[in-house]
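Me: I would like to learn how to read a protein model step by step. Could we go through one together, taking one feature at a time?

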Amino acid sequence: MRRMAATVLHRSPSVQVVEYRCAKGPHDRPFVEQHSRHALAYVRRGSFGCLACGRRHELVAGGVFVCRPGDEYLCTHEHHAGGDECLSVHLSPEWAERFGGPADWETRGLPPLAPLMMLGEIAGAAARGEHDAGLDEIGLLFAARFASLRCGTTARSDAPRPLDRRRAVETALWLDAHAHEPIDLERSAAQAGLGSFHFLRVFSAVVGTTPHQYLVRARLRKAAQALVGTETSITEIALDVGFGDVSHFVRSFRRAAGVSPRAFRQAARGHRRILQEALARPA
C-alpha cells in the first residue's frame, strides 16, 4: 500500500500547488516517483530519504526537494516512522526556464535555507486559508526566491555510511522537537551517540547545515508559524521558540525573512506589498 495522499490546492497553466502527505515508515517498501513538470517541494513536517541521479539525499523539515521533469527518484522513510508532509510547487516549462537553466533544476535535496523557509511557512498559511494571497502568487514567489539562491544550493555528498545518515536524520528530528531548549554541540552529539567532532562532520554532510545552524533555523521556522497562526506577542514567541534574548531573535529573524517579525506578521495577514518588497531585495 502506497499511503501517499496528494491534494491539488491550485491548478493553472503556469503553476500547480500540491499538498503531499505520506504515512510511510521504515518497514514500508520504497517507491519510485517521477514528475512531468519542474517542481519545488517544501518539507513542512517529518523527513524522507531520496535516491536521485545516483546520489542520496536526506530531506528534513524546512528543506526543499528540487525535481526535474523525467527524472525518477526513489523515496524511502527508513530513518523516520512518522512520514512527511510537503507543499509542492509545479511550474510550466516556460516559467521554469525563467527561473534557471538545466543545471539549476538538477534533481536534488536542499538543506533548510532561511529565506525559503519563511516563504514556505506563508505558503502553508495560504494553503490553510489563513493568508489571502493566491497560491499561484505564493508559488511563483517561492520559485523566484529559489532562483535568487540557486548559486549556493549545491547537492550534498552521500559519503556518510547508512548508520551515520540515520543518526544525523534522527538527531535533526530531535533538534526540531526540542528547539525551545538550551542545546549545544555536546548535547546534540550525545543524542546521536557520537563524539562531538565526528557528529559535526556527519550532520553537516547529511543535512547540509551545522547542528547549530539547523537549530537556529528550526527556531525561526517555529517563530514564523507562531507569527502567522497566533496572536502571541513577539516577545513571548521569541522566548517560547528558544531565543533567550529578544533583540537577538529580531535580528536573526530580519536576516532570515528580510523583514522584522512584526512586518512578517502583517505580510502573513495580507499586506502583500511588505512581502513583495522583501522578496525583491537580494538574498
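Me: Which strand does R11 lie in?

Reply: Please keep in mind that this is a predicted model. R11 lies in strand β1, which covers residues 4–11.

Me: Is R11 buried or exposed?

Reply: The general idea is to compare the relative accessible area with a cut-off, and a residue counts as exposed when that value is over 50%. R11 has a relative accessibility of 59%, and therefore it counts as exposed. As for its surroundings, the C-alpha atoms of R11 and D136 are separated by 8.1 Å, although the two residues are 125 positions apart along the chain.

Me: How many bridges join β1 to β2, and which way do these strands run?

Reply: They run antiparallel and are joined by seven bridges, and the hairpin that connects β1 to β2 passes through three residues. To see one pair, look at T7, whose bridge partner in β2 is E19. On β2 you can also find eight bridges to strand β8 (residues 84–91), again in an antiparallel arrangement, where V17 stands opposite V89.

Me: Why is β2 largely enclosed by the rest of the structure?

Reply: Strand β2 spans residues 15–22, and it is described as largely enclosed because seven of its eight residues are buried.

Me: Which residues of helix α10 are buried?

Reply: Helix α10, residues 261–268, is mostly covered, with six of its eight residues buried; these are P261, A263, F264, R265, A267 and A268. For the protein as a whole, 56% of the 283 residues count as buried.

Key
Residues are numbered from 1 along each chain as its sequence is written. This is a predicted model: local features need pLDDT of at least 70, side-chain atom pairs count only at pLDDT 80 or more; totals for chains, interfaces and linings use all residues. Side-chain values use heavy atoms; hydrogens and water are left out. Buried means under 20% relative accessible area, exposed over 50%, partly exposed in between (1.4 Å probe, protein chains only). Helices (H or I, at least four residues) and strands (E, at least two) are DSSP runs, numbered from the N terminus. Two strands pair if DSSP finds at least two bridges between them.
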